[in-house]
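Here are my notes on the model you sent over, as numbered points. Have the structure open while you read.

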Amino acid sequence: VFLPVNQNFGNSKAMGGIAFGLRDGSQINPLNPASYTAIDSLTFLFEGGASLQNSNISDGSVKLNVKNSSFDYIAMQFRLHRRVAMSIGLLPFSNVGYNVSQSYSETSTSPAYTKQLLGDGGLHQLYVGLGVKVFKDLSVGVNASYFWGDITRSRTIYYPNVSGAYNFVQQATASVSSYKLDFGAQYTKDIDKKHSVTLGVVYSPKIKLGNDYDVTTQLVSNSTGTVETSTSVAPDATLALPNTYGVGFTYNYDKRLTIGVDYSLQQWSKADFGVRTTDESIRGDFDETYAYCDRSKISVGAEYIPNLLGRSYLAHIKYRLGAYYTTPYYKINGKKATREYGVTAGFGLPVPRSRSILSISGQFVRISGQEATFVNENIFRVSIGLTFNERWFFKRRVE
């Protein structure tokens with residue numbers, strides 16, 4: 001139902017998606033709200049990002065090429081107190097977009113007809129987060145998020161060559177409006193002046209999403225295009241987000257080299273989806289508990305800055321590299337559908353005469369179907385993020 005999107009910000013995207021153990025006071029990391037306390041007292045961050053994507057899709061016999069663009073995020077971060085920092089942001093949480101059709105030839109018992117499946121919509125997320133430095137080395141944080149959006153699915157059966165036939169059209173729409181909390185913690189230990197390590201953990205509890213669900217079924221005349229009959233029902237639907245656990249570890253050398261690894265688990269198999277109705281044709285749209293399985297992901301990444309004190313521009317560029325592997329959260333015919341592999345690379349380019357950073361990353365993703373009839377995808381994505389890093393609350397002296 002939800003097709004979660006990548007919520008990593010600019011630096012994290014180029015580092016294989018690691019985030020739970022990242023502490024960078026010059027960029028925002030909402031995937032672990034404990035990281036907000038890394039910001040200093042004079043800094044205000046404002047960050048936005050977008051992506052361009054090219055996908056090649058194949059099922060072994062048919063190949064498609066799809067190009068699209070997306071808004072990724074917009075957020076700000078600042079300190080409220082020497083131990084408290086805040087972040088506010090807007091980003092997509094999920095999207096649904098497909099248009100699939102299949103034509104069937106005429107038989108002795110049935111005329112030629114076409115089945116079409118359409119899906120559209122998604123959920124948006126607005127979060128407000130606080131990070132608190134409990135001790136010198138330990139920070140905790142929480143994000144409170146509001147979700148809203150519509151998810152629409154339709155099924156159509158139409159008879160293009162049969163005059164006087166009636167086409168069947170059924171549309172199911174879930175309008176979601178709900179809240180959730182995400183928790184995080186980070187413990188940083190300085191081994192000596194040049195070496196430090198950070199351990200980060202995150203947890204998002206399972207929640208049921210508030211929603212309005214309705215289904216409209218129509219018979220449409222093939223000859224005139226008019227609606228002959230139309231019925232609407234609003235059964236009770238249960239939609240949910242799963243328990244999510246994550247742990248990350250990063251090592252930092254001399255504030256120039258960062259190496260990290262993340263692991264996360266989403267328990268989709270225990271999330272509840274269902275529509276309470278005796279009509280099997282309606283219940284089939286969102287009653288998909290059987291179709292979900294736990295989703296795990298492991299990511300590795302690194303960032304390197306040649307020389308913080310160097311005079312050349314190239315010495316201050318942040319060079320980033322990463323990779324990840326993830327299992328699917330859904331099944332097809334009772335089998336786990338795909339495996340996903342990704343490699344990433346990018347740069348953090350300092351904006352001249354400022355403390356701001358332009359993050360550019362390229363990501364190659366391979367989604368491999370586990371059966372010969374399942375779809376395979378090769379995706380190349382370019383993401384751009386700009387972080388405005390401004391000095392606020394700074395008392396200037398004029399002599």
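**Notes on the predicted model**

1. Charges to begin with. Counting side chains, the protein carries 40 positive and 31 negative ones, and the centres of these two sets sit 12 Å apart. Keep in mind throughout that this is a predicted model.

2. Now the overall build. You're looking at two helices and 21 strands. Along its principal axes, the box filled by the C-alpha atoms comes to roughly 90 × 45 × 40 Å. The protein has 399 residues, and 43% of them are buried.

3. On contacts and surface: take the contacts between residues at least 6 apart in sequence, and 65% of those join residues at least 24 apart. The exposed area is about 20,600 Å², with carbon and sulfur atoms supplying 58% of it.

4. Next, the inside. In soluble globular proteins, nonpolar side chains tend to be buried together. In this model the largest nonpolar core has 23 residues, and the members that touch the most others are Leu209, Tyr213, Leu241 and Trp268. Several strands give two or more residues to this core, among them strand 3 (84–104), strand 5 (138–158) and strand 6 (166–190). Strand 8 (207–209), strand 9 (211–221) and strand 11 (236–241) are also on that list. Strand 11 gives the most, with four residues. There is also a second, separate core of ten residues, which includes Ile39, Leu45, Tyr73 and Ala75.

5. Have a look at the aromatics, too. The structure holds 13 aromatic pairs. How are the rings of Phe9 and Tyr73 arranged? Their centres are 3.8 Å apart and their planes meet at 10°, so this pair is stacked, given that the cut-off is under 30 degrees. Phe9 sits in the segment before helix 1 (10–13) and Tyr73 in strand 2 (residues 63–81), so the pair links distant parts of the chain, 64 residues apart. Phe9 is buried, with a relative accessible area of 2%, and Tyr73 also counts as buried, at 2% relative accessibility.

6. For contrast in geometry, try Phe93 and Phe147. This aromatic pair is edge-to-face, with 4.8 Å from centre to centre and 85° between the planes. Phe93 belongs to strand 3 and Phe147 to strand 5, and the pair links these distant parts of the chain across 54 residues. Are the two residues buried or exposed? Both Phe93 and Phe147 are buried. Elsewhere, ring pairs link Tyr104, Tyr113 and Tyr159 into a cluster.

7. Lys115 is worth a click. You'll find Lys115 in strand 4 (residues 113–133), and its relative accessibility of 39% makes it partly exposed. Which residues does Lys115 touch, leaving out those up to four places away in sequence? They are Val100, Ser101, Gln102, Tyr104, Thr156 and Ile157; Tyr104 is also one of the tyrosines in the ring cluster. Arg353, on the other hand, is 58 Å from Lys115, C-alpha to C-alpha, with their positions 238 residues apart in sequence.

8. Over to Thr373, which is placed in the loop between strand 20 (357–369) and strand 21 (376–391). Thr373 counts as exposed, because its relative accessibility is 65% and the cut-off for exposed is over 50%. Its C-alpha atom is separated by 10 Å from that of Ala337, and the two residues are 36 apart along the chain.

9. Last, a backbone point to check. Most residues other than glycine have a negative phi, and most peptide bonds are trans. Asp254 is not a glycine, yet its phi is positive, at about 55°. Lys255 also has a positive phi, near 60°, and is likewise a residue other than glycine. Where are they? Asp254 lies in the loop between strand 12 (244–253) and strand 13 (257–266), and Lys255 is found in the loop between strand 12 and strand 13 as well. Asp254 is partly exposed, with a relative accessible area of 26%, while Lys255 is exposed, at 67%.

Technical notes:
Residues are numbered from 1 along each chain as its sequence is written. This is a predicted model: local features need pLDDT of at least 70, side-chain atom pairs count only at pLDDT 80 or more; totals for chains, interfaces and linings use all residues. Side-chain values use heavy atoms; hydrogens and water are left out. Buried means under 20% relative accessible area, exposed over 50%, partly exposed in between (1.4 Å probe, protein chains only). Contact means heavy atoms within 4.5 Å. Accessible areas come from the Shrake-Rupley method with a 1.4 Å probe; for residues, only the protein chains shown count as cover. Lys and Arg count as positive and Asp and Glu as negative; His and the chain ends are not counted. The place of a charge is taken as NZ of Lys, CZ of Arg, CG of Asp or CD of Glu. A nonpolar core is a set of buried Ala, Val, Leu, Ile, Met, Phe, Trp, Tyr and Cys residues joined through side-chain atoms within 4.5 Å. Rings of Phe, Tyr and Trp (its six-membered ring) pair if their centres lie within 6.5 Å; planes under 30 degrees apart count as stacked, over 60 as edge-to-face and the rest as tilted.
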